[in-house]
Amino acid sequence: QKIVSEKITKTQIPGMAAAIIYKDSIYYNVAGTISNESKEPISEKTLFHIASNTKAFTSFLAFQCIEKGQLNLESKFFDVLPELKSEQNKAFHHITLKELLSHQAQIQPFTAGNEINQIKITKQSLTDQRREFATQVLNLPNVEKGTYSNAGYVLAAMMIEKAENKPFEDVLAMYLKSNNWEYSFGFPNKKDTKNAWGHWMENNKLVALDPNHFYKLPEYMLPAGDLSMNIKDYSQWLFQHIQGLQNKEVNNPYQIMHYQQKDMSYGWGNAVQNGQKLSFHDGSTGTYYTHAILLPEQQIGITIFANAADDAHVAAIYELQQELLAHLKTIVDGHNRKP
């Protein structure tokens, strides 16, 4: 609590939540308020927007389809959705689920508002909107392999929808509810004003975005980054991955998700540091920030939520990560036991 509270005071981030996962235990703390205009304190149930960290959930749902035999990593997008195939998009005729989930499909990124605004959406249902989106995206020029792509994850979600024969939102909601996890789709203060409000800088001042603010992500892009969760439940999700990664078999789905592809696998980035594997992902829409890092060989995980994402705030989040890891090491080494 002391570490997180000091970081709030030093950086003027309105609200934060942080968790340490160590072996079979999860420790979390919260500090600050839901916005810089409110006295409502952050609690363990306060929802924060996790942005692109949603991609790990989309990847996980794809692997559930694989486990059920509905898809495989080599499934081609146009084999699953042949009605969208045309001569205009022949550059993408052979893209696979594997390539979409690992950002290797050469799909344009759609990580900025000006890209999203060029798409014309007329349909009502989110499934139909994704089809409209895909039709337009797949007629654009391809980009370099490895280009981080929100659009690619929308296409991957369409494959999941077809396999499950239900909207992606329903598939994700069923999984979250099966774990009794609280969530919202979209910015969380639009669901309940007692959840965390996002902030951005205007004229060198940190401004809270109220629930009626115009800024939001298109709902059809949920699979790429529009889920909100609280620190307690998100930590349980990370714990599940750490536990899954204890199985070192190469055909273990968790090993495949995190480490089959170097640097960026399926919903997770990865690296080797000091001879040990680690996986990670950050998510931000510029108004919230989520950081998650897993060190499975040590059975350690760290995650941090913030309701501000300016450069100085992001730097503070990474400082906090190092301070939490150092604190954990002190406890473990000092007492020769787990915390």
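Two strands are taken to pair if DSSP finds at least two bridges between them. In this predicted model, that criterion is met by β3 and strand β7 (residues 227-229), which are joined by two bridges and run antiparallel. Within this pairing, His49 has Ser228 of β7 as its bridge partner. Helix α8 (residues 168-178) packs on the sheet and touches β4 and β7. The direction of α8 makes about 170° with that of β4.

The sheet itself is open and consists of three strands in the order β3-β7-β4, with antiparallel pairing. The edges are occupied by β3 (48-49) and β4 (183-185); each has a single partner strand, so one side of each is left without a neighbour in the sheet.

A further antiparallel pairing is formed by strand β1 (residues 15-22) and strand β2 (residues 25-32), over eight bridges. One of the paired positions is Ile21, whose bridge partner in β2 is Ile26. The two strands β1 and β2 form a hairpin with two residues between them. In the turn, Lys23 has a positive phi of about 55°.

Polar contacts of Asn307 were also examined. Asn307 is located in the loop between β11 (300-306) and α12 (311-335). The relative accessible area of Asn307 is 0%, and this residue is therefore buried, the cut-off being under 20%. A polar atom of the Asn307 side chain lies 2.8 Å from the backbone nitrogen of Gly15. The backbone oxygen of Ile34 likewise lies 2.8 Å from a polar atom of the side chain of Asn307. Gly15 falls within the residue range of β1 (residues 15-22).

Key
Residues numbered from 1 in each chain as written. Predicted model: local features only at pLDDT ≥ 70, side-chain atom pairs only at ≥ 80, totals over all residues. Heavy atoms only, no water. Helix = DSSP H or I, 4+ residues; strand = E, 2+ residues; numbered from the N terminus. Contact = heavy atoms within 4.5 Å. Axes fitted to C-alpha atoms, helices over the stretch in contact; angles between N-to-C directions. Buried < 20%, exposed > 50% of the residue type's maximum accessible area, 1.4 Å probe, protein only. Polar contact = N/O pair within 3.5 Å; in protein donor to acceptor, adjacent residues only side chain to side chain.
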